[in-house]
Amino acid sequence: MLGIKIKKFSFLSDKIGIDLGTANTILCCGGKVVLNEPSVVAVYQDSRKVFAVGEEAKSMLGRTPPGIEVFRPLRDGVIADFDISELMLKSFIGKVRSRLSFMSRTFNLFHPDIAVCVPGGATAVERRAIHDAALSTGARRVLLIEEAMAAAIGSGLPVMAPVGSMVVDIGGGTTEVAVVSLGGVVLSTSVRYGGNKLDEAIVYFFRRAKNLSIGENTAEKLKCALGTAYIKKGDENESIKVKGRDITLGIPKEIEVTKAEIAESLEEPIMMMLGAVQATLEKTPPELAADIAEHGIVLTGGGALLDGLSERINLITGLKVRVADDPLLCVARGTGQALDLSGQIRSYASL
Ligand SMILES: Nc1ncnc2c1ncn2[C@@H]1O[C@H](COP(=O)(O)OP(=O)(O)OP(=O)(O)O)[C@@H](O)[C@H]1O
Ligand SMILES: [Mg+2]
């Protein structure tokens, strides 16, 4: 009976790939990005109903009106606050649903197959939370995909071929390094170091060395504007003005910071990311290592946009390194495509 019912309505179901990221949530449907918003939600303190979500909620961070609380419900690539994550996902799916046909909306017949990516290092409990949050949106079926596999598919690597490919996905919360071949992740390393740790390192540097308190949004902007993993000769003195609060005097203050100083503050988290790449290479079996030596490493995720990162990885590994096209979208695209490849891919993270 159930089988017949599903068949009857299956033309109304759709397939959605979700990159539920620490920094951004991206939904892909039929190969297209249908939603790309920061993973931020603002809720009413008393009723816990959603006030704003995504871009609108992010702009409220640090300047919330009374009675409203703003959350980033994911930390280190996994759900930190289940109820708020569920609310956020439902709102995002609701936005996509609102663009559907009148009939599908009215009769609430939109029950898509959903694939969601999870970091390789997520525990069974963390994977279950992501699965259940996706299911609560009215999904017919939820599949969990390893984030590194999704990144490899989405960046166009030949994941099905008997060839080893290495992908490094640097997100806001985690860095995933994986070697994929024949539709599976052969080996991987996941560290809870990503773009957010770079922002925190900048905030800490200003407190310690400049006696200046700055916010994480300011730190992130600084990282994108001046941050580098590989400082080139002549660039050291490039500088930028930064506004913050003098810690001793408690008054607003503006100071100048150089590229060399920012680069130095980023060194520790960058070393952790590079360590994950080296650890994975050391464990790679010889045949796959030979493939990687030939084809190089592909970088995805927003962190791949950090200036000088590919040069730095090239310097420590001696391998060719390239940043994928649209690195911020690779995981979402790959997660969506993985639904069509189900059965051929061996890397669904098990519950
Ligand atoms: N030009 C840039 N230079 C450096 N970092 C950048 C740049 N653009 C974006 N980022 C960083 O990329 C990160 C977001 O990347 P992404 O959207 O891939 O993360 P995510 O998928 O949400 O996180 P995760 O996969 O860890 O859960 C943020 O830390 C952001 O600051
Ligand atoms: Mg990600």
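At the start of H3, which backbone nitrogen does a side-chain oxygen of Asp81 reach? That nitrogen belongs to Asp83, and the oxygen comes to within 3.4 Å of it. Keep in mind that you're looking at a predicted model. Here's a quick tour, going from helix H3 to ligand 1 and then to a spot in strand E15.

**Helix H3**

- Helix H3 covers residues 82–97, which makes 16 residues.
- Let's check its length: at 1.5 Å a residue it should span 22 Å, and the C-alpha atoms at its ends are indeed 22 Å apart, so the two values agree.
- Plenty of H3 is buried, including Ile84, Met88, Leu89, Phe92, Ile93 and Val96.
- Don't expect just greasy names on that list, though: Ser85, Glu86, Ser91 and Arg97 of H3 are buried too.

**Zooming in on Ser85**

- Ser85 sits in helix H3.
- Its relative accessibility is 1%, and buried means under 20%, so Ser85 counts as buried.
- Asp81 turns up again here: its backbone oxygen is 2.8 Å from a polar atom of the Ser85 side chain.

**Who surrounds ligand 1**

- Ligand 1 has 22 residues around it, and the ones that come nearest are Thr22, Ala23, Glu147, Glu220 and Lys223.
- Sorted by type, the shell holds five nonpolar, 13 polar and four charged residues.

**How the protein holds on to ligand 1**

- Glu220 puts a polar side-chain atom 2.6 Å from an oxygen atom of the ligand.
- Glu147 also uses its side chain, with a polar atom 2.7 Å from an oxygen atom of ligand 1.
- Ala23 uses its backbone instead: a polar backbone atom there is 2.7 Å from an oxygen atom of ligand 1.
- On its own, ligand 1 has 660 Å² of accessible area, and the protein covers 91% of that.

**Where the shell comes from**

- Two helices give two or more residues to the shell around ligand 1: H7 (195–210) and H8 (216–226).
- H8 gives the most, with three residues.
- Domain 1 (164–194 + 268–324) and domain 2 (195–266) both give residues to the shell, which is why ligand 1 lies between them.

**A stop at Ile240**

- You'll find Ile240 in strand E15, residues 239–246.
- Its relative accessibility is 28%, so Ile240 counts as partly exposed.
- Ile240 and Ala260 are 20 residues apart along the chain, and 11 Å separates their C-alpha atoms.

Notes
Residues are numbered from 1 along each chain as its sequence is written. Chains are lettered from A and ligands numbered from 1 in the order in which they are written. This is a predicted model: local features need pLDDT of at least 70, side-chain atom pairs count only at pLDDT 80 or more; totals for chains, interfaces and linings use all residues. Side-chain values use heavy atoms; hydrogens and water are left out. A residue is near a molecule or strand if one of its heavy atoms lies within 4 Å of it. A polar contact is a pair of N or O atoms within 3.5 Å; within protein, one must be able to donate a hydrogen and the other to accept it, and residues adjacent in sequence count only if both atoms are side-chain atoms. Accessible areas come from the Shrake-Rupley method with a 1.4 Å probe; for residues, only the protein chains shown count as cover. Helices (H or I, at least four residues) and strands (E, at least two) are DSSP runs, numbered from the N terminus. Ala, Val, Leu, Ile, Met, Phe, Trp, Tyr, Cys and Pro count as nonpolar, Asp, Glu, Lys and Arg as charged, and the others, Gly among them, as polar. Domain bounds come from an automatic or database domain assignment. The expected span of a helix is 1.5 Å times one less than its number of residues. Buried means under 20% relative accessible area, exposed over 50%, partly exposed in between (1.4 Å probe, protein chains only).
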